[in-house]
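Got your viewer open? Load the model, pick a colour scheme you like, and follow along from stop to stop.

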Amino acid sequence: ARSDFRNPLRKYNEDILKKELFDQKLLGDLRNALADGQFRVYYQPKYDIRSEPPRLMSAEALVRWEHPELGMIPPGTFIPLFEGNGLITLVDNYVWEETAKQVAMWRNKFRFTLPVSVNISRADIFDPDLTERLCRLITNNGLEYCDIKLEVTESAYSQDADRLLGLIHTLRKIGFEIEMDDFGAGYSSLNMLSSMPIDVLKMDMSFVRNIENSETDLRLMKLILDIAGNLKLSVVAEGVETEGQLKLLRDADCDLVQGYYFSRPVPANEFEEFIRKEREQ
Ligand code: C2E
Ligand code: CA
Ligand code: CA
Ligand code: CA
């Protein structure tokens, strides 16, 4: 066959090549980016919707890469890449340290302790120093263990369940709270609920998206809240964007909500506005 720009296979190969080159660039740039301080930690508030008006309870730390040539790169672009080779632990460590410093700074500035959760990736679980690193965050910054919460995604559970189970036991005994992230998005959610000791269940945003127009989705959302309630777990609903979704979640007795309805993830200085507002109430 003659080569043809519209040949779908050729187009496909070119896309793979481009993606490969892009990934290689990001991998090559990582160490310099860490040394150069190109990673930014953004914060997204979590509100308790059982009270009126809703109360600011905590936040989630979410990383972005401010690349000098490529601009702001969202985590979905580089995290899977760095997870594959363990390099994510370097990024995560940076994010955790920034977060712990920020929590301590806000406590001193506002006399208000706002716990912040950080994401633990699958690769972190294989770091033999993980527990020690997390404990150092607390002691080095004069925090309490409950000030930094740990979000572990469901996919991490299926990989090496025994190892993770042991780790979670240890971390909880020390005093960290564990949130199961993206609950319901994977295949083994219900199995894991019976074996993993967790404190909070984060309902994946796919269960929230269509509750206003799908009776089935509404029932599923309520079912997850029922299961969590039976197990005495509190629930954070992720991806709440509209007032209608908020109302349905509140009617169903959901505890906490995170999503664009309240705020997108924002830099620390912008986040301070939320703390100020909360303190005025
Ligand atoms: P995640 O942990 O499930 O974080 C929630 C994601 O949903 C964030 O995307 C957040 O910006 C987005 N989001 C929040 N509210 C809404 C909403 O109302 N609507 C929609 N459509 N999206 C909303 P982001 O910041 O792009 O992060 C994507 C994922 O990257 C995270 O998913 C998490 O798995 C990972 N990630 C982010 N930061 C870190 C980090 O520091 N370390 C590790 N290991 N993973 C991270
Ligand atoms: Ca998360
Ligand atoms: Ca999530
Ligand atoms: Ca996720």
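A word on burial before you click anything: buried means under 20% relative accessible area, exposed means over 50%, and partly exposed is what falls in between, with a 1.4 Å probe and protein chains only. This is a predicted model, where local features need pLDDT of at least 70, side-chain atom pairs count only at pLDDT 80 or more, and totals for chains, interfaces and linings use all residues. Residues are numbered from 1 along each chain as its sequence is written, chains are lettered from A and ligands numbered from 1 in the order in which they are written, and side-chain values use heavy atoms, with hydrogens and water left out.

**Stop 1: the cysteines**

Select Cys 146, which is partly exposed at 40% relative accessibility. How many disulfides does the structure hold? It holds 0, counting a disulfide as a pair of cysteine sulfur atoms within 2.5 Å. For Cys 146, the nearest cysteine sulfur belongs to Cys 135, 13 Å away. Now click Cys 254: that one is buried, at 1% relative accessibility.

**Stop 2: the calcium ion**

Go to ligand 3, a calcium ion. Which residues coordinate the calcium ion (ligand 3)? Asp 181 and Asp 182 each come in through OD, and Glu 238 appears twice through OE, at 2.1 to 2.6 Å. Donors here are N, O and S atoms within 2.8 Å of the metal (3.2 Å for Na, K and Ca); water is not among the atoms, so sites may look incomplete. Along the chain the donors are spaced D-D-x55-E. Add ligand 2 to the selection: this calcium ion is 4.2 Å from ligand 3, and Asp 181 coordinates both.

Asp 182 sits in strand 6 (residues 178-183), while Glu 238 is 56 residues away in the loop between strand 8 (234-237) and helix 9 (243-251). Helices (H or I, at least four residues) and strands (E, at least two) are DSSP runs, numbered from the N terminus. Asp 182 is partly exposed at 25%, whereas Glu 238 is buried at 8%.

**Stop 3: backbone oddities**

Most residues other than glycine have a negative phi, and most peptide bonds are trans. Stay on Asp 182, though, and you get a positive phi of about 55 degrees. Lys 232 also has a positive phi, near 60 degrees; find it in the loop between helix 8 (215-230) and strand 8, exposed at 74%. Then jump to the bond from Glu 52 to Pro 53, which is cis with omega near 0 degrees. Pro 53 lies in the loop between strand 1 (39-48) and strand 2 (55-67).

**Stop 4: salt bridges**

A search of the whole structure turns up 25 salt bridges, each a side-chain nitrogen of Lys or Arg within 4 Å of a carboxyl oxygen of Asp or Glu. Show Arg 50 and Asp 255, whose side chains meet at 2.9 Å, N to O. Arg 50 is in the loop between strand 1 and strand 2 and Asp 255 in the loop between helix 9 and strand 9 (256-257), so the pair ties together parts that are 205 residues apart in sequence. Arg 50 is exposed at 56%, but Asp 255 is buried at 12%.

Next, select Glu 60 and Lys 202, another salt bridge at 2.9 Å, N to O. Glu 60 is in strand 2 and Lys 202 in strand 7 (residues 200-203), 142 residues apart. Buried or exposed, these two? Both Glu 60 and Lys 202 are buried. Finish by adding Lys 46, Glu 151, Glu 179 and Glu 238, which are linked with Glu 60 and Lys 202 in a network of salt bridges.
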